[in-house]
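Here is a friendly briefing to read beside the model. Have a look at the chain first, then go through the points below.

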Amino acid sequence: MWLGRQIWEKNKKGFGEGQCARCGEYCNLTIDHFIPRSKVTVGMNKNHNGNLIGLCKSCNQEKADRIVTPDWYQYLSEERKENLKRYMRYTRSTIRNKTDDPEVLEYLDNL
Ligand SMILES: [Zn+2]
């Protein structure tokens with residue numbers, strides 16, 4: 001079993017039933033990658049705990065492979081939002097190259 005898979009399993013158990021970080025619905029959560037897997041570059045750990053968030057299926061599909069700001073997750077705790085901000089600071093230059101969303105770019109400028 002490769003490491004990414006182990007972390008996935010661990011986190012899947014950790015998520016299970018819970019509150020969707022976007023819409024607040026309580027359901028069986030799917031794993032969202034804050035920085036989408038398709039946009040992760042060498043040297044970034046896509047399965048870093050800070051990169052994994054529990055979303056309901058429809059919110060996960062809505063987000064798809066976009067990069068969003070931490071505020072997109074309306075039901076995420078302030079502590080987790082701070083973690084996402086730290087993660088964004090750390091990966092700022094990568095994110096800039098992977099999105100043209102003006103809201104995200106402005107957010108990065110003010111981090
Ligand atoms: Zn949802």
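Of the 111 residues of the chain, 19% count as buried (20 or more other C-beta atoms within 10 Å of the residue's own, with 12 or fewer for exposed, partly exposed in between, and C-beta atoms placed from the backbone). This is a predicted model, where local features need pLDDT of at least 70, side-chain atom pairs count only at pLDDT 80 or more, and totals for chains, interfaces and linings use all residues. Residues are numbered from 1 along each chain as its sequence is written.

**Layout**
- The chain has five helices and four strands, taken as DSSP runs (H or I of at least four residues for helices, E of at least two for strands) numbered from the N terminus.
- Their order from the N terminus on is α-β-β-β-β-α-α-α-α.
- Among contacts (C-beta atoms, placed from the backbone, within 7 Å) between residues at least 6 apart in sequence, 60% join residues at least 24 apart.

**Core**
- The largest nonpolar core (buried Ala, Val, Leu, Ile, Met, Phe, Trp, Tyr and Cys residues joined through C-beta atoms within 7 Å) has 16 residues, and Cys 20, Ala 21, Ile 53, Leu 55 and Cys 56 have the most contacts inside it.
- β4 (52–55) and α3 are the elements that give two or more residues to this core.
- Leaving out residues up to four places away in sequence, Cys 56 touches Cys 20, Cys 23, Glu 25, Cys 27 and Leu 29.

**Ala 64**
- Ala 64 sits in the loop between α2 (57–63) and α3 (78–90).
- Although Ala 64 is not a glycine, its phi is positive, about 50°.
- Most residues other than glycine have a negative phi.
- Ala 64 is exposed because 9 other C-beta atoms lie within 10 Å.

Key
Two residues are in contact if their C-beta atoms, placed from the backbone, lie within 7 Å.
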